[in-house]
Amino acid sequence: MDRNTLLLFAGIGAVLLLASLVGFILKRRAGDTPNSVIDNLNARINAWWVMVLVIGTAFLFGNTGVIVLFYGVSFYALREFMTLTPTRRSDYPALVAAFYFALPVQYLLIGIDWYGMFSIFIPVYLFLLLPILASLGGDTTRFLERASKVQWGLMIAVYCISAVPALLTLDIPGYEGRNLLLIAWLVIVVQLSDVLQYVCGKLAGKHKIAPLLSPSKTVEGFVGGVALATLVGALLCWITPFSFWQAAALALLVNLLGFAGGLVMSAIKRDRGVKDWGHMIEGHGGMLDRLDSVCFAAPIFFHVVRYWWA
């Protein structure tokens, strides 16, 4: 890690220490009285400690460590998605191809920096291959619905998430060897937006945006969270190749995309009749519950930066 990376993680550690102290004080003041908001806050803080330690460890191993980390993230995210998606016996060949062919090949292509292939491998070749494999079983019951669910799961859990480590492949003039910081900036800004939208919504939320999809999302929480996270993204321009205003514009873009992604993934959960994708991360639900915003922000961010800066 270079000096800027160490300073960034030191700053994150200081913020988490402060948050842990605040959570401890609030819990002490509440005493034995149950308080779901405080309990949820402390669970989120504890989960963030774990996530920061995992990401920091991956950063210690450089590009390879980050690619392996997100490979594992994609695997568990795809598993969560498929667990909530009803399948039939004839879908098994397509599922095997998704988990044991598409997933490792996508990350291998990123590891060898083959942009021309990893950018189209899933949305072109796999989108055609998966329904072919599913059709071999001869089962036509809800065939279009079943095929599209596997395709959508692969798109969200593998293609979109893999855009995060794909940032390592960008050759940005004057920014050589610092692409890990670009990943850190993206994850911090998008995840912070989620947290701040939650906090602002609890403090001042009155008007619900989409009560049928996500009852906790409010206009006040959305505006306050996106505005504050955009400001933080702009202030963190020193770890990016962007100017202050460029970082602000990109932070606003990824925050809006992250919010939209959250709504889409909430719609899928409501369709499946569940509240969370899983229970892998205490206080955060499943892997996809934390990455729904990143899934939509990462691929757009990657291509914008590649087009304008690389």
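For a compact globule of 310 residues, a radius of gyration near 19 Å would be expected; the protein chain has 20 Å, which agrees. This figure, like those that follow, belongs to a predicted model. Along the principal axes, the C-alpha atoms fill a box of roughly 60 × 50 × 30 Å. Of the 310 residues in the chain, 49% are buried. Among contacts between residues at least 6 apart in sequence, 73% join residues at least 24 apart.

The secondary structure consists of 11 helices and 0 strands. Read from the N terminus, the order of elements is accordingly α-α-α-α-α-α-α-α-α-α-α.

**Annotated segments**

An unreviewed UniProt entry lists residues 47-71, 92-110, 116-138, 150-168, 180-200, 221-241 and 247-268 under "transmembrane region". For two of these ranges, the computed geometry is as follows.

| Residues | Helix | Strand | Distance between end C-alpha atoms |
|---|---|---|---|
| 150-168 | 89% | 0% | 28 Å |
| 180-200 | 100% | 0% | 30 Å |

**Helix H4**

Helix H4 covers residues 92-111. At 1.5 Å a residue, its 20 residues should span 28 Å, and the end C-alpha atoms are indeed 28 Å apart, so expectation and model agree. Helix H4 nevertheless bends by about 35° at Ala98. Ala98 is also one of the buried residues of H4, which further include Ala94, Leu95, Ala97, Phe99, Ala102, Leu103, Gln106, Tyr107, Leu109 and Ile110. What do the buried residues of H4 pack against? Their partners are helix H3 (62-83), helix H5 (115-118), helix H6 (121-135) and helix H7 (143-166). Just after H4, Asp113 adopts a positive phi of about 60°.

**The nonpolar core**

The largest nonpolar core contains 81 residues, and the members that touch the most others are Leu154, Trp185, Leu186 and Phe301. Helix H7 supplies the largest share of this core, with 12 residues. Which residues does Phe301 contact beyond its neighbours within four places in sequence? Phe301 is in contact with Leu167, Leu182, Trp185, Leu186, Phe242, Leu250 and Val254. Two of these partners, Trp185 and Leu186, are themselves among the core members that touch the most others.

Helix H7 thus appears in two settings: the buried residues of H4 pack against it, and it gives the core its largest share of residues.

Technical notes:
Residues numbered from 1 in each chain as written. Predicted model: local features only at pLDDT ≥ 70, side-chain atom pairs only at ≥ 80, totals over all residues. Heavy atoms only, no water. Helix = DSSP H or I, 4+ residues; strand = E, 2+ residues; numbered from the N terminus. Expected span 1.5 Å × (residues − 1). Bend = angle between axes of the 7 residues up to and from the residue. Buried < 20%, exposed > 50% of the residue type's maximum accessible area, 1.4 Å probe, protein only. Contact = heavy atoms within 4.5 Å. Core = buried A, V, L, I, M, F, W, Y, C linked by side-chain atoms within 4.5 Å. UniProt positions renumbered as here; feature names shortened; annotations may be inferred. Rg over C-alpha atoms; globule rule 2.2 N^0.38 Å.
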